[in-house]
Amino acid sequence: MRKKFLPILVLVMSGLLSMAQTGKIKGRIYNESNNEPLPFSNIGLYGTNIVVLSDTAGNFEISGVVPGYYKLMALSVGFENAITEEFHVTNARTTFTDIAMKEKPFELEQVVVKANAFKRMEESPVSLKSIGIAEIERSPGGNRDISKVIQSLPGVASGLSYRNDLIIRGGGPSENRFMLDGIEIPNLNHFGTQGASGGSVGIINSDFLREADLYTGAFPANRGNMLSSVLDMKLIDGNPDKMRYRAAIGASELALSASGPIGKKTTLLISARRSYLQLLFSALKLPFLPTFNDYTLKIKTRFNEKNELTLLSIGSLDKSVLNTGIENPTEEQQYILSYLPSYDQWTYAIGAVYRHYREHSYDTWVLSRNMLNNESSKYENNDEAGNPTLKYVSREIENKFRYENTTRYNGYKITGGAGLEQAKYSNSTFQKVFIPVGEDTVTTLNYESQLEFYKYNVFAQASRGFFEERLTLSAGIRFDGSSYSPEMSNLLRQFSPRASISYGISEKVFLNANIGRFFQLPSYTTLGYRNSAGNLVNKENHITYIRADHLVGGLEYKRTGTSRLSLEGFMKWYDHYPFSVIDSVSIASKGADYGIYGDEPATSTSSGRAFGAELYFRDRISDFLNIIVSYTFVRSEFDDKNGNLIPSAWDNRHILNLSAAADLGKNWFVGIKWRFVGGAPYTPYDYERSSLIEAWDARGQGYPDYDLFNTRRLTSFNQLDLRIDKEYFFKKWSLNLYVDIQNLFNFKYKAPDVLVLQRDEAGNPVIDPNDPARYLLKYLPSESGTILPTLGVIVEL
C-alpha cells in the first residue's frame, strides 16, 4: 500500500513546486533629480532577453520570473543607461524595486556610455566598492553579517576572529562611520567597544538590506568625522502589495520580520532578533554567557511625486554575565574569569528623513538622535558582595540635524548643505588601576563626568563631465567645528578640501585619482576624561581634531559589464592623533578589544602614516559562476615616544581574499571563500610589573611592556569557509536551507602565550617565595580556530 502511495506523493509535491516556480517584479522608473516618472522606458532583466515598457506613470511589471537573484537594466531617451543593485525574486511575494535615472548633459557622439553593473560616482571614482544582497545573504563564513561580509573587500583587514573590528587601509577601528538610509548610527555591532566601532555580532538585519557601499577614501563632502571609511547602507522599502513575513534561524540568533502596507501611501518594515548564544555557551562551559537583542523599524510615506518621508529606528540590548558555576575550571577558564567584567549595554538610533523634489534638484532634511548606554562591573573574586575593582556607567547622546541640496543642471552635479549636532556625554567611573607615578602604585579612579557641547559643519561639492564624459572632475570643501574648546571652535582650522579626477583612456580603461584632507573628533571617552579632582584633563592638554591627508590613484579596466579589474595605490598621513600620557604610545593602535577606548590622559602629539596598494578582480563566467579576488599590501606606522616610526597594531602587510559562488541549477548554490591575513605586530608582557600582587589584583591580567611596543609579530592567519544553499518554492511560501562551515580545514591560529597565575592544588595563587610582594606567573599556550558548522533555516510567507 505504501509503495503505491509513494509515487503519487512525489508527483503531488513536484506539482506543487512547479506551480509556483515563478515570481513577479514591479517598480517605477524616474528622473533622480526631480522624481518625475519616465514613461515608455525599456526595462529588462539583466543578462536575459526579457524586456518590458514602463507606462505613463513610469510603472512597470515583469511576470513569470524564475526565482533567484537579478538586476534590472533600464534605457530611456535622454538618460544614461542604468543597472540596478541586485535583488531577490521569490514566489512568496512580489519584488518591488525603483530605478533612478541620471540625465545626459548632452548627446554623446564619440564615446558610447554603456550600462555597467559596478557603481560609479563622480565624487568617488576610486576607493568605492558596493556589495549586493546576494553577497550579503550567501557569503561563506559571513553568517549574513555585513560587518563580516565586507572583510572580503580590498583594503579591509580583520582583527580577532571573534570580533567585527573594521581595519581599513592601516587605520584603527575608531576611524569609521556608518550610515543607514541617510541616518548615522553610532555602532554597527553588539557588545560594541565604546569609542571605537568593533564588537562581536552585527546589529543590521540582512533581510532588509538592499545594498552597501564602502568608501575607503575619496569621501564625498557631505560625509564627515571619519579618517578611514564610510559604510553607507540602504534598506529596502516595505512591500506595498500586502503584508509579508519572514523567519530565519542562523548561527547565533532567531530573527522575525514583517513587510507590508499600513496605508495607501505608507509601507512598513519591522524586525526583531534574539540570540541563543547564552544557551550554547553554557552547554560548552564557556566562562561568559552573552545575550543580544535588536530591532529594526522603517516607515516610508510617499505623499506625492515631490515629497516623501522616511522614519527609521534601530536598536540593540546586550548583556554578558560570567559563568562562575563551572566545575573544575581549566587554567584558561580561570584566567578569563579573573579579568573579564560583566557587560550591560544598550543603544538606539532614531531619525526622520524628509525629501522634497524640485525641477532640477532635491532637498534632504535629516533629524536624528542616537544614544549609547554602557555599563560594566568587576568584583574581587567575582563576588558581588565583595569589593569592586570596576564600576563603570557611561552614556553618549547625539541629537543631529542635517540639510542637503543636490542639483543636476547643465551637466553639473552640485551638492551643498550644513549640519548641527548637540553632544552629551556622562561617565561615572570607579576603577582600580596600576600606573607609574614615580614608583609603580595602585591608584583608584573615582570621578563623575558630565559634558555637553555642539558640533557644526558646512559643505559643498561640484562635479562635471567634460569632453563628452571622457573626463570627470569633482571638487569639494568641508568645514567642521566644535564648541568643546577654543582649539576646535574655529571652522577654518578644520578646512577639508578634496578633489577627484577620472579620465577614460578608452571605453573600458580609466585612470582615477583623489586627494583630500579629512578630520575626525576624538572619542567622547577622551574628551570627557576627568581626574579625581574633576578637571577635564584632555581639554587642559589642548586635545584637538585628528587629521588625515589622503592621496589615492588607480587604473581600472572593465572588460564587460560584469567584469572589473582595478589597481589602486594609497597614502595616508596622520597628524594630531591622541598620544597616551600613561603608556607613552599612540592610541591609534588601541581599540580592538571589548570595553572602553580612549578614556585616558592624552595629548594631540602623535603622527603616523599608512600606505599600500590594492588589486581587485571580479568576473562572472558563463552566467553561473562569480569569482572575486582581492589582494592588499599595507604598511601602517606611528611615532613612538622617541619620535621614531614603528609598526602600528594594524600593520598586517599582506591580505588576500579568494571567493567563488556558483549556481548549480535546481535552486542549489555553493560558495567558497579563502582568506589570508598577515601577522600583525603585538607587544609582549612586562613580567616584572605584572607579577606585583597589587598590580595583578587591580587588572586580573598581565601588563604590556610599552618599552617593547609592537616589537613582536603574530603568525599569519588563513581560513577556508564553505556555504551550500538549497531553496524550495511552494505555492504561497518559500524555504531556504543552508549549511555554512567556517574554517573547513580546521586551521589553528597561534596567538601570543597568555601570562597567568601559577596556582596550587587548591586553586590559590602562588606567592613568590623570594619576594612576598609578587605572584609567581607562567605562560599559557594560546591558540584559536576550530571547524564551526552552522545550519540555517529561512522561511518566507
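Select Pro-240 in this predicted model: at 40% relative accessibility it counts as partly exposed, because that class lies between the buried limit of under 20% and the exposed limit of over 50%. Pro-240 sits in the loop that runs between strand S16 (229–235) and strand S17 (244–249). If you then display its surroundings, leaving aside neighbours within four places in sequence, you will find Pro-240 in contact with Phe-96, Pro-261 and Thr-267. For a sense of scale, add Asp-583, which is 343 residues from Pro-240 in sequence and 57 Å from it in space, C-alpha to C-alpha.

Next, go to S16 and bring up the open sheet of 5 strands to which it belongs, with the order S10-S15-S16-S13-S14 and mixed pairing. Strand S10 (128–132) and strand S14 (183–185) are the edge strands, each pairing on one side only, and the twist from one strand to the next averages 25 degrees. Strand S15 (residues 209–215) pairs with S16 in the antiparallel sense over 6 bridges; to see a bridge pair, select Ala-212 together with Met-233, its partner in S16.

Keep Met-233 selected and add Ile-146, Ile-185, Ile-204 and Leu-231: these are the residues with the most contacts inside the largest nonpolar core, which has 32 residues. Among the elements that each supply at least two residues of this core are helix H2 (133–138), helix H3 (146–149), S16 and strand S21 (307–322). Centre on Leu-231, which, not counting residues up to four places away in sequence, touches residues including Ile-146, Phe-178, Leu-188 and Ala-212.

Finally, select Ile-43, Val-52, Phe-79 and Val-89, which are included in a second, separate core of 18 residues.

Definitions and conventions:
Residues numbered from 1 in each chain as written. Predicted model: local features only at pLDDT ≥ 70, side-chain atom pairs only at ≥ 80, totals over all residues. Heavy atoms only, no water. Helix = DSSP H or I, 4+ residues; strand = E, 2+ residues; numbered from the N terminus. Buried < 20%, exposed > 50% of the residue type's maximum accessible area, 1.4 Å probe, protein only. Contact = heavy atoms within 4.5 Å. Pairing = 2+ DSSP bridges. Axes fitted to C-alpha atoms, helices over the stretch in contact; angles between N-to-C directions. Core = buried A, V, L, I, M, F, W, Y, C linked by side-chain atoms within 4.5 Å.
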